[in-house]
Amino acid sequence: MKVTILDDYFDTLKSLPCFDRLSEHEVVVWNDHLQDEDRLAARLLDTEALVLIRERTKIGAALISRLPNLRLISQRSVYPHIDVAACTHAGIIISSDLHAGTPSYATAELTFGLIIAAARQIPQQMASLKSGRWQSGVGTSLRGKTLGVFGYGRIGQAVAEYGRAFGMRVLFWASDASRARAHADGWAIAESKQQFFGLCDVLSLHLRLVEATRCIVSASDLALMRPSAIFVNSSRAGLIERGALLAALRLGRPGFAAIDVYDHEPLLDPSDPLLTLDNVICTPHIGYVTREEWNLQFTDVFEQINAYAAGSPINVVNPEVLSRDVP
């Protein structure tokens, strides 16, 4: 099959062991980011199988209508960037392993790294040293503090375990069903969402972005946080009401934030307000970006292509395509 891989910024995939799984296919890898529809349509004209790296490129109905040879989109995790209905109408299978059995330990590790960096002001202290000064401030310890985890999924649970290992008190908030599971597993649960935001010294978001969770964190929620609190988001920017976090940080509640995800990605404007605040640590959506995590994820992605080529598609998001002829 003619396989195209988009948005491999650092040309990483060719160096991973899993890339050998595409040895029977004709593969083209693109390292730049492109969203212009005309240029994307030209780039993908002959593509039969398209590999996406998470949500880096949006695949909408207008683009899909211009890709007559496309038969498979293979990726991993959620797919809000893909017009599933348009793919189904065009007879394009979407294969996406939602990795229900394993968390992204890389994202959990990055999350806790952000927490430590924010608490101890590591980037600010580095900047001070590089500018010819010595210590620039005083950080805070994590031991004995309350770590709030919003969401009881696999990554959130891993972050909670890290927090417990650091001697933090862990408090959960989530949907009714998830709170019940967390309670059954022995974790402490906040009495209300308001109490949760008010009690946490560190609050970390770990929710999937779906319609039910979009803007689930409001300006009024953030206003309940302490001036000393740290707000962490390594999940999705859309979980927060648009503009609410920036406004809250300017008001000092919460006092600090550590962010890995943004409303518009890639974020390439150094004058973006979030990047100019001294009380914010920002990283460029690198939660899942480790060689080990990528090899794990793209083993699945490439096996989905091989399964399709063998006539037995797996992890199919839109199975109705399988029951009818491709137009």
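**Exercise 1. Is Ala160 buried or exposed?**

Let's work on this predicted model step by step.

- Step 1: Find the residue. Ala160 belongs to helix α6, which covers residues 154-165.
- Step 2: Look up the accessible area. For Ala160 the relative value is 0%.
- Step 3: Compare with the cut-off. Buried means under 20% relative accessible area, so Ala160, at 0%, is buried.
- Step 4: See who surrounds this residue. Leaving out residues up to four places away in sequence, Ala160 touches Leu147, Val149, Val170, Phe172 and Trp187.
- Step 5: Zoom out to the helix. Helix α6 packs on the sheet and touches β6 (146-150) and β7 (169-173). The directions of α6 and β7 make an angle of about 160°.

**Exercise 2. Work out the strand order of the open sheet and find its edge strands.**

- Step 1: Read across the sheet. Its 7 strands follow the order β8-β7-β6-β9-β10-β11-β12, and the pairing is parallel.
- Step 2: Look for strands that pair on one side only. These are β8 (188-189) and β12 (280-282), the edge strands.

**Exercise 3. Describe the neighbours of strand β10 and the directions of its side chains.**

- Step 1: Start with β9. Residues 202-205 of β9 pair with residues 230-233 of β10 in the parallel sense, over 4 bridges.
- Step 2: Match up partners. Val202 has Ile230 as its bridge partner, while Ser204 has Val232.
- Step 3: Turn to β11 (residues 256-259). This strand runs parallel to β10 and is joined to it by 4 bridges. Here Phe231 stands opposite Ala257.
- Step 4: Recall a rule. Side chains in a regular strand alternate between the two faces of the sheet.
- Step 5: Check β10. Ile230 and Val232 point one way, Phe231 and Asn233 point the other way, and all are buried.
- Step 6: Follow the chain onward. Together, β10, helix α10 (residues 244-251) and β11 form a right-handed β-α-β unit.

**Exercise 4. Test whether the span of helix α4 agrees with the expected one, and find how enclosed this helix is.**

- Step 1: Predict the span. Helix α4 (residues 105-119) has 15 residues and, at 1.5 Å a residue, should span 21 Å.
- Step 2: Compare. The end C-alpha atoms of α4 are 21 Å apart, which agrees.
- Step 3: Count buried residues. In α4, 11 of the 15 residues are buried, so the helix is largely enclosed by the rest of the structure. Among them are Leu110, Phe112 and Ile115.
- Step 4: Look just past the helix. Gln121 follows α4 and has a positive phi, near 55°.

Definitions and conventions. Residues are numbered from 1 along each chain as its sequence is written. This is a predicted model: local features need pLDDT of at least 70, side-chain atom pairs count only at pLDDT 80 or more; totals for chains, interfaces and linings use all residues. Side-chain values use heavy atoms; hydrogens and water are left out. Two strands pair if DSSP finds at least two bridges between them. Helices (H or I, at least four residues) and strands (E, at least two) are DSSP runs, numbered from the N terminus. Contact means heavy atoms within 4.5 Å. Axes are lines fitted to C-alpha atoms, for helices over the stretch in contact, and angles run from 0 to 180 degrees between N-to-C directions. Buried means under 20% relative accessible area, exposed over 50%, partly exposed in between (1.4 Å probe, protein chains only). The expected span of a helix is 1.5 Å times one less than its number of residues. A crossover is right-handed if, with the strands pointing away from the viewer, the path from the first strand over the helix to the second runs clockwise.
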